[in-house]
Amino acid sequence: MLSVGWIAVLVVNLAVFALGMMLPSMREDLGFGIEASGYLSAAGWIFKAFATIPIALCVAKINPKYVLVMVYLAAGLALIFQGLAANVEMLMVGRALTSIASAGILAPLVPIKISWVPQKRMTQINGIENCISPVGQALGTVAVTSMIAMLGGWRNVMIALGTVMIVVGIVFFVVYREKEGHEFQKSDAKFLEPLKEALKLKEVWLLAIGWPGTSLVWIATYTFWPTYATETLGLTLGEAGFVLGLFPIASAIASFISPSITNKIGYDKLMLWPWGFILPVAYYGMLQTSNMAILCLCSIVAGFGAYAFVPIAFTTLYKIPNVKPRTVTLGTSCILTMVGVGSSLGGTLAGILGETMGLYKAMAVCCLSPLIFGILCLFLPEKGRRYQERMEREGNQ
């Protein structure tokens with residue numbers, strides 16, 4: 001069940017991050033300009049941000065099986081709609097609908113994981129899950145050119161991705177199973193009650209306020225660094241693409257191995273707050289030199305740090321004593337909502353500041369944003385392996 005959901009995550013991330021590679025063909029085909037391209041990019045984040053919590057609230061009232069099937073099918077139809085777009089307005093609507101559907105992929109998987117995955121394996125499973133997103137990002141920048149050539153255009157790529165999502169929805173409907181003793185029971189609580197429960201947790205507030213600082217500079221870098229690198233640092237577009245292409249590769253590796261590293265260390269917070277202070281240095285380093293070796297190193301560190309904390313941070317909510325699955329679902333959704341807000345601000349803020357103070361100063365300011373995450377994570381309670389072992393020993397006494 002999780003594997004099918006992760007395929008959906010891969011496909012949606014590929015489609016979202018393929019936009020940059022598809023834009024030249026889209027603009028030539030539909031005849032729109034740079035400003036419309038910016039709105040097209042922003043639509044992929046802002047609609048996702050504000051659809052996450054409403055979809056998660058539905059999970060308390062509707063079986064996750066049906067929520068996810070509807071989400072997968074809706075995402076598939078929205079991708080196909082983009083492929084059939086006759087103008088930029090249809091393309092915008094299709095991208096918005098894709099983003100709204102993609103907002104419902106991760107949160108409804110939470111109760112499934114709580115039912116089937118032992119808590120000791122939860123961080124590892126979250127690591128695998130969060131590894132999928134950067135893999136999709138990498139494919140969206142590296143493989144999409146070949147896909148366009150092989151399938152005969154960006155429209156056919158979108159239609160093909162949409163078809164895959166529809167198949168995913170059908171397969172998930174067939175393979176879905178509920179664990180005995182964990183059958184879905186519709187919540188009798190008021191519709192907003194799970195959200196209110198989630199908002200009582202300080203972990204949700206600390207992560208929801210701090211996390212956007214890392215996504216802001218991440219998207220600002222993805223959006224504007226290639227331009228800065230070619231116009232100011234003197235790199236070719238190919239060189240800039242190579243440097244930035246290392247970012248999602250490092251992110252995928254980080255998501256996969258950081259749970260094991262954290263478990264060995266025994267302290268979750270050591271994989272959280274330090275990155276808030278390391279990331280500004282790595283991002284800022286990408287503005288300072290045209291030396292390819294140093295740029296590649298900075299990109300790898302930034303890419304690794306952008307995702308190293310992700311599975312650990314998400315698992316923090318699962319480790320809260322006596323927390324209800326619906327509360328974890330809504331807490332996760334609150335965090336994802338704010339991550340989306342940070343992502344949408346990344347390109348917007350850097351663009352506005354770039355107009356007034358220049359691209360270098362604008363991106364330098366954005367480099368400071370992860371500090372918010374680092375500082376707030378210092379106040380998270382420690383729930384790592386050593387803490388869990390101590391609780392078990394005290395419970396056995």
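Student: When α6 passes α7, is the crossing left-handed or right-handed?

Tutor: Right-handed. Keep in mind that this is a predicted model. To call a crossing right-handed, you look at the near helix and find it turned clockwise from the far one by less than a right angle. α6 passing α7 fits that description.

Student: How do you know how α6 and α7 sit relative to each other?

Tutor: Two packed helices are described by the angle between their axes and the distance between the axes. Here, the α6 and α7 axes cross at roughly 145° and come within 11 Å.

Student: What makes up the contact of α6 with α7?

Tutor: From α6 you get L109, K113 and I114, and from α7 M122, I125, N126 and E129. Contact takes heavy atoms within 4.5 Å. Sorted by class, that contact has four nonpolar, one polar and two charged residues. Lys and Glu count as charged, so K113 and E129 are the charged pair in that tally.

Student: Why is α1 called roughly antiparallel to α6?

Tutor: Check the angle: α1 and α6 pack at about 150°, with axes 11 Å apart. Angles over 145 degrees count as roughly antiparallel, so α1 is roughly antiparallel to α6. Their crossing is left-handed.

Student: Which residues make the contact of α1 and α6, and what classes do they fall into?

Tutor: L2, G5 and W6 come from α1, and L109, I112 and K113 from α6. That splits into four nonpolar, one polar and one charged. Gly counts as polar, so G5 is the polar one.

Student: Why are α14 and α15 called roughly antiparallel?

Tutor: Again, go to the angle. The axes of α14 (residues 273-285) and α15 cross at roughly 150° and come within 8 Å. That angle is over 145 degrees, and α14 and α15 are therefore roughly antiparallel. Their crossing is left-handed.

Student: What meets what in the contact of α14 with α15?

Tutor: W275, I278, L279, A282, Y283 and G285 in α14 meet L295, C298, V301, A302, F304, G305, A306 and A308 in α15. The classes are twelve nonpolar, two polar and no charged. Gly counts as polar, so G285 and G305 are the polar two.

Student: Let's turn to the cavities. How many of 30 Å³ or more does the structure hold, and what makes a space a cavity?

Tutor: Four. A space counts as a cavity if a 1.4 Å probe fits there but cannot get out. The largest cavity has about 540 Å³ of space.

Student: What lines the largest cavity?

Tutor: There are 29 lining residues, and the closest to the centre are K48, S133, Y307, L336 and V339. The elements giving two or more residues include α3 (34-59), α7 (119-142), α15 (292-308) and α17 (325-357). α1 gives the most, with five residues. By class, the lining has 17 nonpolar, eleven polar and one charged. Lys counts as charged, so K48 is that one charged residue.

Student: And what lines the second largest cavity?

Tutor: That cavity has a volume of about 70 Å³, and the lining is L106, V110, K113, E129, N130, F314, Y318, T332 and L336. At least two residues come from each of α6 (109-116), α7, α16 and α17. The split is five nonpolar, two polar and two charged. Lys and Glu count as charged, so K113 and E129 are the charged two here.

Notes. Residues numbered from 1 in each chain as written. Predicted model: local features only at pLDDT ≥ 70, side-chain atom pairs only at ≥ 80, totals over all residues. Heavy atoms only, no water. 1 Å grid on protein atoms, 1.4 Å probe; cavity = no way out; pocket = protein on both sides within 12 Å on 5 of 7 lines; lining within 4 Å. Points joined across faces, edges and corners; volume = space filled by probe spheres on them. Helix = DSSP H or I, 4+ residues; strand = E, 2+ residues; numbered from the N terminus. Axes fitted to C-alpha atoms, helices over the stretch in contact; angles between N-to-C directions. Parallel < 35°, antiparallel > 145°, perpendicular 65-115°, else oblique.
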